[in-house]
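Colleague: I'm new to reading protein models. Could you walk me through this one, feature by feature?

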Amino acid sequence: MALVDRLPKHLFTNRGWGLLAAGVVSIVCAHIMGRRDLLTLAVFLILLPLVALAGVRILKPKFQVYREFNPSTVETAMATTVRLAVARTSYGTGQVVMEEQLPPRFGDPPAFRFPARSATGGTSRYEYHLRSGKRGQFRIGPVTAEFSDPFGLSLRRHSIDDGDLLTVTPAAVELPATGLAGARGNDGVTATRIRANPSDDDIMTREYRHGDPMRRVHWPATARHGQLMVRQEESVTTPEATIVLDQRLAAFAPSTGSVFGSHDEDTDLLTTPGFEWVVTAAMSISAHLSERNYSLRMLDASGHPAFSHSKSAPDATAEEFNGAGGLHAIAEGLAAIELSGPRHHRPEHARQDEEASADRRNPGRTPAAVRGPGRAARNLDESPEGGDSAFDDLLMDKLAAHRLRGPLLALLGNLTVPEAKALAPAAAYGANAFALLVTDSSRNNEQVLEILRQGGWRAVAVTSRTPLAAAWAAFDEGGMVAAAAAAMDVRRGAAVPR
């Protein structure tokens, strides 16, 4: 039996290999004994499995597979139900062993027989459950079928469909209520007084509608118009929030500056623990603000749409998202988002050392201190396509177009001092400005945070192990009056150190 187990199973069954072996033995016996009838039997025993093998290769049955996920997109750690419907579209008889191919993280592939005992109308239905602890897009399927000839001598396994993609989105973490909403209030609305006009009675009143409280009746306007008029002191506007999502490979590099980043074996996403923290934060903050009726804008560090490089984004060019549909689109965009940019990163301290060494070797070279940080900041983190740099004019123009319409949130990796100085003035474009820095090193952290805070940002540095709810709550822990004052100074034109 040990020899039989070593034989390839994708060509013949044990019965088929047995007939071939019997045919070889018959040929040897016919040669030794000189018996023609044994030679005829040997040819028959050898040809029968070979003919069966050719038959299952040429006359393979055809099937139609329909696969459905419920829900169609699922959060990490949540289960989705996979429903399969398989129908034969060509003539064939007998049972077929089928197997649904899955990524390794989902465990052993489910196997089943066609037709099923409960088959109706020629269609067999099957159901199983999947759960993933990681975000991404996973290829579920194809279904492979193992066919055999009517005599059970030969086997043939091949795919009968192409499979489907299952999108697993990051799960949102519940965040505590903070002072993020500012003057708008945590309910996501803001009261705006109608603009000045010489006749306040005419501008700030409207006709009485059923359900208006009588205490709001404006009697002078009622007497003048001859019908009930009520005060219209407030109007509800939809608040906006802008989230800047840092996706630069260099921003999440180890402090050693080595090549880093690894592709997940199932999703093929280039990511790091710090970036996974940022993705979860983006999902959680989006859900937190969406529940409060905020309209969301998602940008990357260069000012491009945040999901322009996400393989799972429904619309890679979209920047603005509203309501439940917008939140669902954000979740799908975050499912397969990954780091992008050059793989090598020189930390700021290493770059400065190299600059100083070059100055010593070349006395006629313009010193780095004279050249200033601007040039380094522009060349440090260019986009993969050679386009705009991080925190450059394109991002500032995008933020200025929605100036003071709502809070500004930046989810960042490691920042250098020049990058912090480039980003600091952006706080002037938000009603409030919040920055979360996910960093693996303490080098320059305090200096970077101080630069951002002087620019008007409420900045907090965390690691990939920091609880998200605690990091979010830190925005309300002290320094808020000073931060608000600094933000007002910036908006009045105070200089930011560069």
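Modeller: Sure, let's begin with strand pairing: two strands count as paired if DSSP finds at least two bridges between them. Keep in mind that this is a predicted model. Here, strands S7 (residues 136-140) and S10 (residues 164-169) pair in the antiparallel sense over five bridges.

Colleague: Which residue in S10 is the bridge partner of Gln137?

Modeller: That's Thr167.

Colleague: And is S7 mostly covered or mostly open?

Modeller: Mostly covered. A residue is called buried when its relative accessible area is under 20%, and four of the five residues in S7 are buried.

Colleague: Which strands does S8 pair with?

Modeller: One partner is strand S4 (residues 96-100), which runs antiparallel to S8 (residues 143-148) and is joined to it by four bridges. In that pairing, Val97 has Glu146 of S8 as its bridge partner. Another partner is strand S9 (residues 155-159), also antiparallel, with five bridges to S8. There, Phe147 is matched with Arg156 in S9.

Colleague: What lies between S8 and S9?

Modeller: Six residues, and the two strands form a hairpin. Look at Gly152 in the turn: its phi is positive, about 70°.

Colleague: Now salt bridges. How do I recognise one?

Modeller: Look for a side-chain nitrogen of Lys or Arg within 4 Å of a carboxyl oxygen of Asp or Glu. A search of the whole structure turns up 12 of them. Try the one between Arg157 and Glu146, at 3.1 Å from N to O. Arg157 sits in strand S9 and Glu146 in strand S8, so this pair ties together parts that are 11 residues apart in sequence.

Colleague: Are Arg157 and Glu146 buried or partly exposed?

Modeller: Arg157 has a relative accessible area of 41%, so this residue is partly exposed. Glu146 is at 25%, so Glu146 counts as partly exposed as well.

Colleague: Which salt bridge involves Glu100?

Modeller: The side chain of Glu100 meets that of Arg67, with 2.9 Å from N to O. Arg67 belongs to strand S1 (residues 63-70) and Glu100 to strand S4, so the salt bridge ties together parts that are 33 residues apart in sequence. Both Arg67 and Glu100 are buried. They're also part of a network of salt bridges that links Arg67, Glu100, Asp161 and Asp164.

Colleague: How far apart are the closest N and O atoms of Asp37 and Arg35?

Modeller: They are 2.8 Å apart, and the two residues form a salt bridge. Asp37 has 43% relative accessibility, so Asp37 is partly exposed. Arg35, at 40%, counts as partly exposed too.

Colleague: What about the surface? Which residues make a nonpolar patch?

Modeller: To qualify for a patch, a residue needs over 30% relative accessible area and no salt bridge. In this model, Ile27, Leu39, Val43, Leu47, Leu50 and Val51 make a nonpolar patch of about 490 Å². Helix H3 (residues 36-58) gives the most to it, with five residues.

Colleague: Where is Val43, and how far is its C-alpha from that of Gly23?

Modeller: Val43 is in helix H3. With 40% relative accessibility, Val43 counts as partly exposed. Val43 and Gly23 are 20 residues apart in sequence, with 6.7 Å between their C-alpha atoms.

Colleague: Let's zoom out. How many helices and strands are there?

Modeller: The protein has 15 helices and 22 strands. Of its 498 residues, 46% are buried. The exposed area is about 25,500 Å², and carbon and sulfur atoms supply 53% of that. Next, take contacts between residues at least 6 apart in sequence: 71% of them join residues at least 24 apart.

Colleague: One more thing. What is the mean pLDDT?

Modeller: pLDDT is the predictor's confidence in each residue, from 0 to 100. The mean for this protein is 79, and 74% of the residues reach 70 or more. Over residues 181-203 the pLDDT is below 50, and beyond near neighbours in sequence this stretch has 48 contacts in the model. Residues 478-498 also have pLDDT below 50, with 28 contacts beyond near neighbours in sequence.

Note on methods:
Residues numbered from 1 in each chain as written. Predicted model: local features only at pLDDT ≥ 70, side-chain atom pairs only at ≥ 80, totals over all residues. Heavy atoms only, no water. Buried < 20%, exposed > 50% of the residue type's maximum accessible area, 1.4 Å probe, protein only. Contact = heavy atoms within 4.5 Å. Areas by Shrake-Rupley, 256 points an atom, 1.4 Å probe, with all protein chains shown as cover. Patch = residues over 30% accessible without salt bridge, like charges linked within 9 Å, V, L, I, M, F, W, Y side chains within 5 Å.
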